[in-house]
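This report examines how selected strands pair and how helices lie against a sheet. Please keep the sequence and the structure in view while reading.

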Amino acid sequence: MTGQSSDLVNASGAKTALVPRWEAEAELVVVGSGVAGLTAALRARELGLRTLVVTKAEISDSNTRWAQGGVAVVRSEEHDDGDDVERHIADTVSAGAGLCDTDAVRSIIAGGPAAVARLRARGASFDAGPDGALARTREGGHSAFRVIHAGGDATGAEVERALAADASRRGLAVLERHIAVDALRTPFGGVGGLLVLDADGVPGLLRAPAVLLATGGLGQLYQATSNPEIATGDGLALALRAGAVGADLEFVQFHPTVLYTVGASGRCPLVTEAVRGEGAVLVDATGARVMAGVHPLGDLAPRDVVSAVITRRMATAPGGVDDHVFLDATALPNFARRFPTVNAACRRAGVDPTAEPIPVTPAAHFACGGVLTSTAGRTGVQGLYAAGEVARTGLNGANRLASNSLLEGLVLGERAAEAVAMDLAAGALAVVDQASVPERPSVPVVPRAPLQRTMSRHAAIGRDAAGLAAAARALADSGAEQVMSSHGAVEDAALTLLARTLLVAAEHRTESRGAHVRLDFPDRDDAGWQRPLLLRLDAAGEPVLLDPVLLSGAA
């Protein structure tokens, strides 16, 4: 699958379209190799479905591997006194700031213990305490120690390792270094496969009656993020172009504590919330406690609260430091053994966390919204499913509770595979021979560096109408039509579309709630805004708002 350029060129020399060079078929194509994608693919394989995983890097490269904290789950055999699934549900709903779908929260959280048990059966190994029981920690927004972890602070890496190893043992078909460009569409609007590009830009068709998106988040919208370079929102953009509805896209959670280094951009090393869960405290340059008197949970307040407080504290610049604060973990015993990943990152930056406070700052972390789906992963588009961070199930609302993400991926990955099997058996999916590539010769693309600068300046933690309007103008002025003929072009097209869509939602929500902070509307407004904002693309490819009654349409 290498060779000539994949572009057609018209008489004027302009690129106009992509010509597929090869075809393959499956019953289910899973896009993404993180926790949701591999869990779904493995479950689909167990159900007898011909399944293919497509990943734009290698199978072990995903956002999952960078997750440090753990998996939030209340296991009946091991839990804090008084803790139970209902309390975990309550903490999730509280963190979601009034926008969680409580039925979805209950369904997903209740499915967690069994999903974790199946993950362990696939080979995942979690840390144990002195008594042999699984070690548990506490993170922001949690009222109990219920977060299980692996490798101290390398939970995501262990989950990814176990799932990838199981995929290899079972002979799961994986197409590495291929990126999904567009969904194949049937005459009636359903999905019947994907147009993909290999590493050299050579296009091919994957025909399948079911496509499951598990592509992760969109952290690369911003200059500083905890996400890896591959987190460019490709799956969400593909879903929107295929006619799916997005919801809660204005809510991008900023993790309060990534390691600060002068001039850093791109992926910043995460300083897991579990460090604060085990006693570290946030201080400013003068040594004053940042979270003192701000929230009943203090340093373990929900992430949106802590990030906003840090941002305000930096703006007032005590001690002359206006771009970071500090996390004092010097009193924690055995820091290097308990948090080896954080310790190594600090040492590389010249910081000894056992002897001095760690410089930290907020960075883009987790998309709370995404493709509108049911708790079985179904979208409103026939044959299109989504699971994990790319999906909006109603679990997160306006702000995700720490360490619920791996849990959601485990639960929804399995359920989405089971939904595909059910829909196939019922004859509810499209005939793939009728599907074709949409006529979309080019799409607007803004170069990544100016896009990230614009979004970081105007659409990060603090937003206002003037800034959002300036961002929209800047993107409109700097964009140019481009064919999605390379991995970079597909990623930049996705970031451009999602930036424009996020700005529409953020401008429309004239209140502050969870991860969405409007400086010109600082108060939460339940009377007017305790509802999700739904968006889709119109015929011209422009993001438009929809009536919230359509929320019931994703089954």
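## Strands E15, E28 and E29

Ala247 has Leu534 in E28 as its bridge partner. Strand E15 (residues 246-247) and strand E28 (residues 534-537) run antiparallel and are joined by 2 bridges. Helices (H or I, at least four residues) and strands (E, at least two) are DSSP runs, numbered from the N terminus; two strands pair if DSSP finds at least two bridges between them.

E28 is also joined, by 4 bridges, to strand E29 (residues 543-546), and these two run antiparallel. Here Arg536 has Val544 in E29 as its bridge partner. The hairpin of E28 and E29 has 5 residues between the strands, and Gly541 takes a positive phi near 85° in this hairpin.

## Basis of the model

This is a predicted model, in which local features need pLDDT of at least 70, side-chain atom pairs count only at pLDDT 80 or more, and totals for chains, interfaces and linings use all residues. Residues are numbered from 1 along each chain as its sequence is written, and side-chain values use heavy atoms, with hydrogens and water left out.

## The sheet of four strands

An open sheet of 4 strands follows the order E3-E12-E11-E10, with mixed pairing. Strand E3 (23-25) and strand E10 (179-185) are its edge strands, each pairing on one side only.

E10 pairs with strand E11 (residues 191-197) in the antiparallel sense over 5 bridges. Within this pair, Asp182 has Leu195 in E11 as its bridge partner.

## Helices on the sheet

Helix H6 (residues 234-241) packs on the sheet and touches E10 and E11 (contact means heavy atoms within 4.5 Å). The direction of H6 makes about 20° with that of E10; axes are lines fitted to C-alpha atoms, for helices over the stretch in contact, and angles run from 0 to 180 degrees between N-to-C directions. Helix H14 (residues 487-508) also packs on the sheet, touching E10 and E11, and its direction makes about 70° with that of E10.
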